Structures are given as C-alpha cells and as structure tokens.
Amino acid sequence: MPPVFASLAAVAPRVKRRAACVNNLRHLSIALQNYESAHKHFPPGRGDPLPGVFSAFAYLLPYLEESTLKDRIVFNQPPTTFTVGPTVYDGVINLPAATTKVVSFICPSDNANGDIPESIYGPTNYAANAGSG
C-alpha cells in the first residue's frame with residue numbers, strides 16, 4: 001500500500017470517532033433545547049433540595065430516546081446512596097438506573113469507554129453546568 005493510503009487508513013478511525021463524539025454533543029444540545037421548549041427552563045443540575053440532587057442528564061433522557069431508563073428513575077428518592085453530615089440518604093431504589101451506561105454520554109474517542117476504575121455508576125464524558133438560577 002502506498003504511504004499516502006496507509007496514513008489515511010490510520011487517520012480514518014480517529015476521524016470517525018471524532019465525528020461520533022461531535023454527533024453526541026449535537027444530540028445533547030438538541031435535547032437541551034427540546035427540554036427548554038417543553039418546560040420553559042433548562043433542566044436543574046445537582047443541588048438542593050436534598051435528596052433530589054439528580055444530574056441534568058437524568059432529565060434529558062426522554063429527549064435522547066432513553067424514556068425507558070428515565071421511567072426507571074424515582075425522582076423523589078436520592079439518585080444514589082450518600083451521606084451529608086450525620087444523614088444517610090438511601091438511593092438503592094435508583095441503583096439500576098444509576099449504573100446504566102448511556103451510549104450518548106460516552107465519547108467514542110475515550111479509550112476507557114467512559115469507565116472509571118472501581119466505580120459502578122454509569123459514566124459520562126460530558127458535563128452539565130448547574131447554575132444558580
């Protein structure tokens with residue numbers, strides 16, 4: 001194979017992964033806009049009131065064709081088990097949803113596939129900002 005074609009063959013998978021990552025970001029952007037259009041505000045981020053401190057991504061699930069996963073979340077219960085001071089919030093009811101990997105939240109260029117060693121939770125390569133208002 002001529003050197004030019006060999007180098008193109010090596011670059012093609014990276015270009016494909018980058019395009020897929022950009023496509024994930026596009027889908028997240030559209031989901032945000034669709035959420036805002038339906039609710040007249042962007043999804044809440046982590047914060048008060050405890051124990052309902054869900055990520056904005058939990059609220060975007062139905063707009064990413066993940067309604068079945070969203071339906072498994074009990075939003076009036078903690079998203080996971082955690083402790084604040086002396087209070088333990090038991091989120092075992094949401095563990096199945098919290099441990100689900102959503103393909104749209106993983107950048108294909110991530111060699112670890114979003115996985116974090118010793119973490120059981122569904123990973124994401126993207127972040128949402130939780131503003132104050």
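Which residues form a nonpolar patch on the surface? The legends below answer this and describe further close-up views of a predicted model.

**Figure 1. A nonpolar surface patch formed by Val92, Ile93, Leu95, Ile120 and Tyr121.** Together, the five residues Val92, Ile93, Leu95, Ile120 and Tyr121 present about 450 Å² of accessible area. One of them, Val92, is located in the loop between β2 (87-89) and α4. Val92 is classed as exposed because its relative accessibility is 53%, and the cut-off for exposed is over 50%.

**Figure 2. The salt bridge between Asp115 and Lys101.** The count for the model comes to one salt bridge. Its partners are Asp115 and Lys101, whose closest N and O atoms are 2.9 Å apart. Both Asp115 and Lys101 lie in the segment after α4 (95-98), so the pair ties together parts that are 14 residues apart in sequence. Asp115 is partly exposed, at a relative accessible area of 44%. Lys101 is likewise partly exposed, with 35% relative accessibility.

**Figure 3. The tilted aromatic pair of Phe54 and Phe75.** Five aromatic pairs are present in the structure. In the pair formed by Phe54 and Phe75, the rings are 4.8 Å apart centre to centre, with 55° between the planes. Phe54 belongs to the loop between α1 (3-39) and α2 (56-60), and Phe75 to the loop between α3 (67-71) and β1 (82-84); the pair therefore ties together parts that are 21 residues apart in sequence. Phe54 is buried, at 5% relative accessibility, whereas Phe75 is partly exposed, at 26%. Ring pairs also join Tyr59 with Phe54 and Phe75 in a cluster.

**Figure 4. The tilted aromatic pair of Phe57 and Phe105.** The ring centres of Phe57 and Phe105 are 4.8 Å apart, and the angle between the planes is 45°. Phe57 is part of helix α2 and Phe105 of the segment after α4, so this pair ties together parts that are 48 residues apart in sequence. Phe57 is buried, with a relative accessibility of 10%. Phe105 is also buried, with a value of 7%.

**Figure 5. The surroundings of Asn94, a buried residue.** Asn94 is situated in the loop between β2 and α4. Its relative accessibility is 2%, and Asn94 therefore counts as buried, the cut-off being under 20%. A polar atom of the Asn94 side chain lies 2.8 Å from the backbone nitrogen of Val74. When neighbours within four places in sequence are left aside, the residues in contact with Asn94 are Phe54, Arg72, Ile73, Val74, Gln77, Pro78 and Pro79. Phe54, which appears in this list, is also a member of the aromatic pair with Phe75.

**Figure 6. Glu65, a non-glycine residue with a positive phi.** Most residues other than glycine have a negative phi. In Glu65, by contrast, phi is positive, at about 60°. Glu65 is placed in the loop between α2 and α3. The residue Glu65 is exposed, with a relative accessible area of 75%.

**Figure 7. Asn113, a non-glycine residue with a positive phi.** The phi of Asn113 is about 60° and positive, although Asn113 is not a glycine. Asn113 is located in the segment after α4. With a relative accessibility of 39%, Asn113 is partly exposed. The segment after α4 also contains Asp115 and Lys101, the salt-bridge partners, and Phe105, the ring partner of Phe57.

Methods: Residues numbered from 1 in each chain as written. Predicted model: local features only at pLDDT ≥ 70, side-chain atom pairs only at ≥ 80, totals over all residues. Heavy atoms only, no water. Salt bridge = Lys/Arg side-chain N within 4 Å of Asp/Glu carboxyl O. Helix = DSSP H or I, 4+ residues; strand = E, 2+ residues; numbered from the N terminus. Buried < 20%, exposed > 50% of the residue type's maximum accessible area, 1.4 Å probe, protein only. Patch = residues over 30% accessible without salt bridge, like charges linked within 9 Å, V, L, I, M, F, W, Y side chains within 5 Å. Areas by Shrake-Rupley, 256 points an atom, 1.4 Å probe, with all protein chains shown as cover. Phe/Tyr/Trp six-rings, centres within 6.5 Å; stacked < 30°, edge-to-face > 60°. Polar contact = N/O pair within 3.5 Å; in protein donor to acceptor, adjacent residues only side chain to side chain. Contact = heavy atoms within 4.5 Å.
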